[in-house]
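I opened this entry to record what I looked up, one item at a time, for a reader who has not met this structure before.

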Amino acid sequence: MTGLLFKELRQNRRMFPAAILLPILAAFLPIPVQLSFDHTAKDVIPSLNEDGLMTRLIMLFTAAALLSQCIRIALGQDESKKWAYFTISHPKGYRAQVYMKYVLIFMLLGLFFVSAYYSDMLLQMLFWHSTGEELISFLNLLPFLFFFQLLMQAFSIPFIFRFGSKNGSNMLAVFLLILVLAAVIFLLFGPDGGYGALVDAAEELLIRLGNGELNGAFAVIAGAFPLAAAAAYIGSYFLSCRFYLKGVAEYVK
């Protein structure tokens with residue numbers, strides 16, 4: 001078991017810096033992006049609390065999507081019949097191999113969360129020293145993003161073990177493309193206000209989340225969602241174990 005863990009850490013050593021650096025880039029890239037929107041150097045940081053809010057959100061979710069792609073690569077590195085037959089003959093069996101993949105993914109998501117948390121704190125400090133005001137924080141949003149990522153991996157990993165990482169990556173790309181197209185259509189042909197209305201709604205939700213003002217159905221969902229995501233991730237492991245042998249039969253090499 002320890003050998004399999006060391007193998008995963010060694011084989012995917014480049015994924016860990018990526019999980020740390022992506023949130024840092026997502027937090028601070030909005031500054032030059034806002035500068036490109038005809039903001040002067042003097043007002044670019046204050047703009048992060050206005051029209052820069054959506055830029056920050058887009059950057060954060062883009063970083064999360066890129067991490068998902070890194071995970072696809074990590075899962076695809078062992079798609080070899082020779083390695084699969086070795087793990088099947090291993091005393092711990094293929095279940096240990098699947099288990100270590102789940103541990104690896106959890107570690108990557110955890111690093112992403114910690115890096116995003118401290119990056120947001122640093123950005124808030126920069127904003128405070130520059131403007132004397134508080135930046136709209138993502139600190140309370142990040143735990144939900146972590147469990148959302150966990151839930152998405154819970155759905156996608158069994159599919160990858162069954163049909164391979166290539167199909168999984170293609171499905172992810174199609175899903176992201178549909179989301180982008182839906183967002184563009186909404187902004188172009190949606191209700192009056194379009195982009196501005198979306199920014200106002202996102203800002204209001206983040207402020208309520210940051211102040212702990214969610215109530216009613218939102219409060220129930222917020223409380224149940226982490227438990228549901230964790231349960232789905234654990235259940236996903238057992239499902240992947242059932243799919244592993246069927247997936248091995250379809251490996252090309």
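I began with R56, whose relative accessibility came out at 3%, so I noted this residue as buried, the cut-off for that word being under 20%. I kept in mind throughout that I was reading a predicted model.

Next I asked myself which side chain R56 meets in a salt bridge. I found that the partner is D120, with 3.2 Å from N to O. The two residues link distant parts of the chain, since D120 sits in helix 6 (residues 93-131) and R56 in helix 4 (residues 52-76), with their positions 64 residues apart. I then looked up the accessibility of D120, which is 5%, and therefore entered D120 as buried under that cut-off too. When I checked how many salt bridges the structure holds, the count was 1.

I stayed with helix 6 and turned to V114, which is found there. Is V114 buried, exposed or partly exposed? Its relative accessibility is 41%, which lies between the 20% and 50% cut-offs, so I wrote it down as partly exposed. V114 also helps to make a nonpolar surface patch of about 360 Å², together with Y117, Y118 and M121.

My last item was helix 7, which covers residues 142-163 and has 22 residues. From its first C-alpha to its last, helix 7 reaches 31 Å, and I noted that this is close to the 32 Å expected at 1.5 Å a residue. I also looked for where helix 7 bends, and found a bend of about 25° at S156, with a proline, P158, following within four residues.

Methods. Residues are numbered from 1 along each chain as its sequence is written. This is a predicted model: local features need pLDDT of at least 70, side-chain atom pairs count only at pLDDT 80 or more; totals for chains, interfaces and linings use all residues. Side-chain values use heavy atoms; hydrogens and water are left out. The expected span of a helix is 1.5 Å times one less than its number of residues. The bend at a residue is the angle between axes fitted to the seven residues ending there and the seven starting there. A salt bridge is a side-chain nitrogen of Lys or Arg within 4 Å of a carboxyl oxygen of Asp or Glu. Buried means under 20% relative accessible area, exposed over 50%, partly exposed in between (1.4 Å probe, protein chains only). Patches are made of residues with over 30% relative accessible area and no salt bridge: like charges are joined within 9 Å, nonpolar side chains (Val, Leu, Ile, Met, Phe, Trp, Tyr) within 5 Å. Accessible areas come from the Shrake-Rupley method with a 1.4 Å probe; for residues, only the protein chains shown count as cover.
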